[in-house]
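This report describes the fold, the sheet and the buried parts of one protein chain.

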Amino acid sequence: MTIPEPGALLKDWLAPAPWDAASINAHLAASTPESIGLPVLLVAAVTLPSALAWRWLRGPASWPGALAIIAAGWLLLDLPWQWELAHRLADTQTRFAAVPATERPGRTEHAGAFNTANSVSPIIEASPGRIFVASLDEGIGMLTAYYLYPLNPYWARSGPQLPPPGSVRPGDYILALPPVTLRYDRDRRHLLDGDTHWPARLVTARPWGALFRAL
């Protein structure tokens, strides 16, 4: 592993980072793989010997001072996190303060799935509203199914993209979102995946994928 220059490490340490999937549970103290963990090691390398030296020089009554040195190192590591949270708060306010709550997902990295669901939802009949989401991309499939609620979406996290033909009833919808292995035979009006086929008609084809209705 290449250790960054001190100036580059400090810049990386203090650089604000956008929200991501791990933000709620973790603060990596760096935005590049080369720097992850180094701030903790550097602060520990300074504070722990300093605390031990203080304890050794001051004698048995010096524990409060030694603990204060360790606490100072802890706070030093925490300050960049608080700076990052303040930056994220300002960024969130700028992006979403004047946007209705129902439209905010369209301003995030989930905008593709959100807009796809908004395009499909008006076409789906509310009763029974069953729609099978097929995609080899886990993120696209999961998010689109989520934004299709309160309809009745089905999305399988693993296994076949669609359930067996007997589980898909006439009137159900099938939303195919690339990448998929499904193919549509217009002449036979069948969706095909290898040797498995589902009778269906094409409802609409858009840049985001295609919507079918089971026959």
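The text below goes from the overall fold to the sheet, the cores and two buried residues.

## Overall fold

The model is predicted. Its secondary structure consists of five helices and seven strands, and along the sequence these follow the pattern α-α-α-α-β-α-β-β-β-β-β-β. The protein has 215 residues, and 33% of them count as buried. Among contacts with a separation of 6 or more, 56% are between residues 24 or more positions apart. The accessible surface is about 13500 Å², and carbon and sulfur atoms account for 63% of that surface.

## The sheet

Seven strands form an open sheet with mixed pairing, in the order S2-S1-S3-S7-S6-S5-S4. Strand S2 (152–154) and strand S4 (183–185) are the edge strands; each has a single partner strand, so one side of each lacks a neighbour in the sheet. On average, neighbouring strands of this sheet are turned by 40° against each other, direction ignored. In general, the strands of a sheet pair through backbone hydrogen bonds, either parallel or antiparallel.

Two pairings that involve S7 are set out here.

| Strand pair | Bridges | Direction | Bridge partners or opposite residues |
|---|---|---|---|
| S3 (residues 173–176) and S7 (residues 209–214) | four | antiparallel | Leu175 and Leu211 |
| S6 (residues 196–206) and S7 | six | antiparallel | Arg206 and Gly209 |

S6 and S7 are also joined by a hairpin, through two residues.

How many of the residues of S7 are buried? Six of its six residues are, and the strand is mostly covered. Gly209, Leu211 and Arg213 point one way from S7, whereas Ala210, Phe212 and Ala214 point the other way.

## The nonpolar cores

Nonpolar side chains tend to be buried together in soluble globular proteins. The largest nonpolar core here has 17 residues, and those touching the most other members are Val120, Ile124, Ile131, Val133, Leu148, Leu175 and Leu211. At least two residues of this core come from each of helix H4 (111–120), strand S1 (130–134), helix H5 (138–147) and S3. H4 gives the most, with four residues. A second core, separate from this one, has 13 residues, and Ala134, Ala200, Phe212 and Ala214 are among them.

The two faces of S7 can be read against these cores. Leu211, on one face of S7, is listed in the largest core. Phe212 and Ala214, which point the other way, are included in the second core.

Within H4, the buried residues are Ala111, Ala113, Phe114, Thr116, Ala117 and Val120. The cover over the buried residues of H4 includes S1, H5, S3 and S7. One of these buried residues, Val120, touches Ile131, Leu148, Leu175, Trp208 and Leu211, when residues up to four places away in sequence are not counted. Of these, Leu175 and Leu211 are also bridge partners, with Leu211 in S7.

## Two buried residues

Thr144 is part of helix H5. Its relative accessibility is 0%, so Thr144 counts as buried. Apart from neighbours within four places in sequence, Thr144 is in contact with Ala113, Thr116, Ala117, Leu175 and Leu177. Ala113, Thr116 and Ala117 are among the buried residues of H4.

His190 belongs to strand S5 (residues 190–193). Why does His190 count as buried? Its relative accessibility is 14%, and the cut-off for buried is under 20%. The side chain of His190 has a polar contact of 3.4 Å with the side chain of Arg188 and a polar contact of 3.2 Å with that of His197. With neighbours within four places in sequence set aside, His190 is in contact with Arg183, Tyr184, Asp185, His197, Trp198, Pro199 and Ala200. Ala200 is included in the second core.

Note on methods
Residues numbered from 1 in each chain as written. Predicted model: local features only at pLDDT ≥ 70, side-chain atom pairs only at ≥ 80, totals over all residues. Heavy atoms only, no water. Buried < 20%, exposed > 50% of the residue type's maximum accessible area, 1.4 Å probe, protein only. Contact = heavy atoms within 4.5 Å. Areas by Shrake-Rupley, 256 points an atom, 1.4 Å probe, with all protein chains shown as cover. Pairing = 2+ DSSP bridges. Axes fitted to C-alpha atoms, helices over the stretch in contact; angles between N-to-C directions. Core = buried A, V, L, I, M, F, W, Y, C linked by side-chain atoms within 4.5 Å. Polar contact = N/O pair within 3.5 Å; in protein donor to acceptor, adjacent residues only side chain to side chain.
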